[in-house]
Amino acid sequence: MERMNPVKLENVNCEICGKRETTILFKARDYCHELPGEFNVSRCSNCGLAYLNPRPTKEGMEVYYPEGYAPHKRMGGVGDIRFQQRLLGFFIKFHGGELRTLWRLKPGKILDVGCGGGMYLKALKERGWTVYGVDASAVATQRARALGLNNIFTGELHEARHPDNLFDAILMRHSLEHMPHPSETLAEVHRILRPGGAVLIVAPNFQSTEARLFKQHWYQIDAPRHFYFLEHSTIRNLLHKHNFRITTYSFSSRPFSSFVKSITYGTTSKVIKRLLDNTISYIISHVIFWPWHRDTSMVVLAKK
Ligand SMILES: [Zn+2]
């Protein structure tokens, strides 16, 4: 066991109901960076929340966010990441992608929790929003500031100590599932959001066709970086717990197909991996496999 899990693990109670009993759905590994360790994707026996249990401690998690972790990566490198980010930048600017829900709101103050390199904040700023960002990664926040964004805080959300009712909207794009205590985070989001303000959550959909097809090899399991595997009922319960009201619930697919990534995670063939794991394959598969990955992420807009 020591050999399988090189870092210290801790058992955690359910974030929604506080109970401890879980059943194991399957065991997952870090297929992204191929770091050692095996982790239980478990389901709360009481309320059904799916989460990683046990999971690495805070200190242990440092191993699993290595230098090459894509969302924290420095810009200016060569290869796929840079090209994909440019392409994604154009897509957000002209189409809006997952942010389209926000285009219907009157621009005001918006906070991006887990803002990464600030690409989404930049698009929001160009649409007239006053933008704020928080991210625990110093590399990521440095990149965001290099885009000309001010109000970027390096650290955890509660450490930024925003005043009550400050924001008109808060964005949590693929960040909630990484948080050790999403319930506490949503309580803080509720405090700093003005009455009637909106929170937009984008997270992997554990009920999606891809999730059911690929199970432990699904790209968006991303163990052990993802602690929570949300579904319609569990995100609803989590939001209701903090007095949010869901106004729209829809889906989106990952721009760079997680379908192909999931196939490469499931195969041991180096030839198949090399053949599939590139931008051209992602684009082709995005079109061909559309029906199987259109619901891979959930897009939830909720009001305070
Ligand atoms: Zn529970």
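Begin by selecting strand 4 (50-52) together with strand 11 (228-229) in this predicted model; the two strands run antiparallel and are joined by two bridges. To find the register of this pairing, display the side chains of Ala50 and Phe229, since Ala50 stands opposite Phe229 in strand 11.

Now widen the selection to the sheet that holds this pair. Strands 2, 3, 4 and 11 make up an open sheet of four strands, in the order 2-3-4-11 and with antiparallel pairing. The edges of the sheet are strand 2 and strand 11, each of which pairs on one side only. As background for what you see here, strands of a sheet pair through backbone hydrogen bonds, in either a parallel or an antiparallel sense.

From strand 4, step across to strand 3 (39-44). These two strands are antiparallel and are joined by three bridges, and Ser42 of strand 3 is found opposite Tyr51 in strand 4. If you follow the backbone from one strand to the other, you trace a hairpin with five residues between its strands, and in the turn you will come to Gly48, whose phi is positive at about 90°.

Stay on strand 3 and ask how many of its residues are buried. Five of the six are, so the strand is largely enclosed by the rest of the structure; the cut-off behind this is 20 or more other C-beta atoms within 10 Å of a residue's own. Then turn to strand 2 (22-28), which pairs with strand 3 in the antiparallel sense over six bridges. A convenient pair to label here is Phe26 and Val41, because Phe26 stands opposite Val41 in strand 3.Next, select the loop between strand 2 and strand 3, where you will find Glu34. The phi of Glu34 is near 55°, a positive value in a residue other than glycine. Is Glu34 buried or exposed? Glu34 counts as exposed, because it has 8 C-beta neighbours inside 10 Å, and the limit for that class is 12 or fewer.

A second residue of this kind is Asn243, in the loop between helix 8 (232-241) and strand 12 (245-252). Asn243 has a positive phi of about 65° although it is not a glycine, and it is exposed, with 12 other C-beta atoms within 10 Å. For context, most residues other than glycine have a negative phi, and most peptide bonds are trans.

Two peptide bonds are worth selecting with that in mind. The bond that joins Asn53 and Pro54 is cis, with omega about -5°, and Pro54 is placed in the loop between strand 4 and strand 5 (55-56). The bond from Ala223 to Pro224 is also cis, with omega near -5°, and Pro224 lies in the loop between helix 7 (209-214) and strand 11.

Finish with helix 8 and its partner, helix 6 (residues 182-192), which pack at an angle of about 50° with their axes 9 Å apart. The two helices are therefore oblique to each other, and their crossing is right-handed. To display the contact, select Pro182, Ser183 and Leu186 of helix 6 with Leu238, Leu239 and Lys241 of helix 8. Coloured by class, this contact of helix 6 with helix 8 shows four nonpolar residues, one polar and one charged.

Key: Residues numbered from 1 in each chain as written. Predicted model: local features only at pLDDT ≥ 70, side-chain atom pairs only at ≥ 80, totals over all residues. Pairing = 2+ DSSP bridges. Axes fitted to C-alpha atoms, helices over the stretch in contact; angles between N-to-C directions. Parallel < 35°, antiparallel > 145°, perpendicular 65-115°, else oblique. Left-handed = near helix turned anticlockwise from the far one by under 90°. Contact = placed C-beta atoms within 7 Å. Nonpolar A, V, L, I, M, F, W, Y, C, P; charged D, E, K, R; others polar.
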